[in-house]
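Hi,

Here's the structure I said I'd pass on. Have a look through it, and my notes follow underneath.

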Amino acid sequence: MASLKREIDNLQELERLTAELQAQIEETKKGVGLEEDDEELTKLQLENSKLKHRLAILNNAIEVEKGNSGNATTSSTATAKQFTPAEIPAEINTMVSISDHLLDLFTNAIAKAFPQLAGTPAIISMVNSNAAKFGDYQCNSAMSLAKTLKASGINKPPRDIANEILKQCQSSPLVEKLEVAGAGFINVFLKKSYAVDALTNMLKSGVNPPKAKKQRVLVDFSSPNIAKQMHVGHLRSTIIGESISRLLEFMGHDVLRVNHVGDWGTQFGMLIAHLEDRFPNFLNESPPIGDLQAFYKESKKRFDEDEEFKKRAYNRVVQLQSGEPNSTKAWNLICDVSRSEFQKIYDRLDISLTEKGESFYQSRMIEVVKFLESKNLLELDEGRKIMWPTADKSGIPLTVVKSDGGFTYDTSDMAAIRYRIEEEKRDWLIYVVDAGQNTHLKNIYLAAERCGILNPEKHKAEHVQFGVVLGEDGKKFKTRSGETVKLSDLLDEGLKRSLDKLIEKERDKVLTPEELKAAQESVAYGCIKYADLSHNRTNEYVFSFDKMLEDRGNTAVYLLYAFTRICSISRNSGEDFSDLAKVLESTKIELEHEKEWKLAKTLLKFPDVLVKISKDLLLHVLCEYCYEVSTVFSEFYDNCYCIEKNKEGQIVKVNRSRILLCEATAAVLRKCFYILGLKPVAKI
């Protein structure tokens with residue numbers, strides 16, 4: 001307590017001196033007492049910098065002593081930002097984000113070793129699994145801290161800094177040992193006992209997510225247009241959006257999946273007018289519109305060539321917007337046919353969505369216009385009502401009301417973002433839309449922020465953009481006739497190709513018809529999804545059935561085969577592994593062989609991978625992890641016998657511990673596959 005009192009007295013005196021020096025500097029800047037050169041100013045600023053540095057050290061020292069004494073208080077005039085160390089649990093027996101744990105461990109150690117740098121986050125990196133001699137993780141903070149300290153007048157080699165940090169590291173249930181290497185790297189070696197406990201617990205209670213702050217999320221994805229076929233352009237949004245939703249749901253967030261379909265606008269006038277001519281009895285009998293795409297093309301051709309039809313089409317738009325019953329029924333019929341076709345695709349790809357199309361926001365568009373007018377944010381521009389996204393009127397303005405009084409995509413998107421934040425109470429909005437919409441969405445987010453709908457301190461609006469799908473010729477993926485590839489045709493082709501591949505491998509001779517069909521669908525839809533997700537979504541990618549159906553390398557086919565093989569090991573052991581909790585009562589996981597230990601450490605990375613992709617939403621990282629797990633498992637399986645047989649093929653020994661490692665691998669891969677939308681099968 002006496003030392004704390006002295007430090008507080010010192011702090012108050014330093015704060016007084018700092019304030020006096022700051023006042024002198026301000027006077028000197030104004031020219032008071034300034035000679036021909038500025039030596040006095042330089043001297044004062046240097047002195048002030050030193051005092052502030054000392055002030056920060058004392059503030060942090062007091063905070064540390066407060067933590068030790070428990071009830072001491074500092075002067076209310078203290079101004080330095082305080083750092084509260086994270087608590088490191090004494091015992092951990094579940095899979096956690098090791099990177100996050102080490103971040104807390106080393107950030108705390110930095111604060112203790114160098115109080116003036118308290119709060120500086122540690123730099124943690126994973127070590128390549130093939131470089132085990134350098135540990136499993138590294139703290140690489142010493143080099144950057146050396147530069148920071150040098151800037152404040154302290155010269156200290158990075159290796160010395162690393163040693164100081166090492167001295168202040170508290171013990172961790174995850175860490176076996178720490179060592180300083182090279183220029184100042186701190187190598188971290190994980191504890192086997194932690195791995196055993198974490199994997200054992202996972203086998204007993206299932207694969208659970210790492211801790212995360214729970215948020216109310218809305219994911220806007222797929223978004224096809226009514227009366228048009230879903231095509232390959234919708235593929236990426238649908239697949240990526242579904243996987244992001246599954247990931248965030250697994251992480252514990254409250255996720256709303258929204259299909260913002262194009263079900264409103266002038267095109268419905270021509271569709272309704274064409275429906276009246278083709279099926280005049282549509283009010284009493286549901287029209288047999290088999291091919292909506294052809295129906296749309298017919299109506300568009302008439303709209304472009306027939307002035308009388310065009311006038312009638314515009315009249316039907318007005319009637320629809322005013323709620324005229326016959327036009328509304330025609331509109332509903334067209335929408336229902338489309339929904340039925342969309343749902344067939346969603347069922348095949350195992351996609352779940354809640355539809356809230358453009359029509360949902362009609363009344364809300366009127367309200368958002370009134371809202372923007374009440375804030376004086378709309379300006380007249382050649383008959384239009386526009387809104388600049390930023391106060392300095394830079395960029396492209398939104399057209400909120402057209403010169404004819406109609407609304408635009410800008411209006412519906414502003415109404416949608418307002419509804420999602422104010423009525424759905426969502427604090428994280430994710431728009432899975434192609435990269436071409438980046439400027440538009442950026443303007444919507446800026447405008448929503450400017451008018452007070454979106455508060456960046458409370459809400460996050462994020463554009464998850466993606467590149468286009470290319471054909472093998474490197475051009476935009478189209479049919480030979482130059483038309484957009486229908487998604488249903490693409491899925492049918494996938495089924496045909498996957499069946500050909502299975503027959504080529506003579507799987508039809510060992511699988512039942514039901515098993516063959518399940519394998520066919522698993523491979524077909526899995527390879528289409530995985531080929532998309534395994535590429536960085538921000539880039540274009542080439543769609544090639546030949547490449548995605550390869551059974552080597554980082555492909556869905558390789559992973560599905562690997563998974564099926566892993567699951568078959570326990571079945572082929574001749575023992576019962578159906579109740580893992582019961583098996584664990586008599587069998588303990590052992591990690592004696594280097595390949596066993598390598599596999600265990602690879603499985604322990606799973607929470608780290610989830611934490612990373614939940615921040616940047618780049619799912620190819622999860623695909624790379626799946627491939628790493630599978631290849632490391634192959635190393636393990638090739639070097640560590642799980643089942644030993646004699647020359648006659650009889651089982652003479654079952655290594656139950658290793659089979660438990662197989663089951664742990666299968667459990668992690670199964671969860672990865674679920675997030676990626678892959679459906680593994682028992683036999684393939």
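**Cavities, a pocket and a helix**

The largest cavity holds about 60 Å³ of space. This is a predicted model: local features need pLDDT of at least 70 and side-chain atom pairs count only at pLDDT 80 or more, while totals for chains, interfaces and linings use all residues. Residues are numbered from 1 along each chain as its sequence is written, and side-chain values use heavy atoms, with hydrogens and water left out.

On a 1 Å grid over the protein atoms alone, a cavity is a set of points where a 1.4 Å probe fits but cannot get out, and a pocket is an open set with protein on both sides within 12 Å along at least five of seven lines; lining residues have an atom within 4 Å of a point.

Residues lining the largest cavity include Arg236, Asp532 and His620. Helix H7 (232–250) and H16 each supply at least two of its lining residues (helices are DSSP runs of H or I, at least four residues, numbered from the N terminus).

H16 itself covers residues 513–533, and 15 of its 21 residues are buried (under 20% relative accessible area, 1.4 Å probe, protein chains only), so H16 is largely enclosed by the rest of the structure.

The second largest cavity, at about 30 Å³, is lined by Lys228, Gln229, Leu292, Ser338 and Glu341.

Then there's the second largest pocket, with a volume of about 580 Å³. It has 21 lining residues, and Gly265, Thr266, Gln321, Lys402 and Phe407 lie nearest its centre. H10 gives the most to that lining, with three residues.

Cheers

Definitions and conventions
Grid points are joined across faces, edges and corners, and a volume is the space filled by probe spheres set on the points. Buried means under 20% relative accessible area, exposed over 50%, partly exposed in between (1.4 Å probe, protein chains only).
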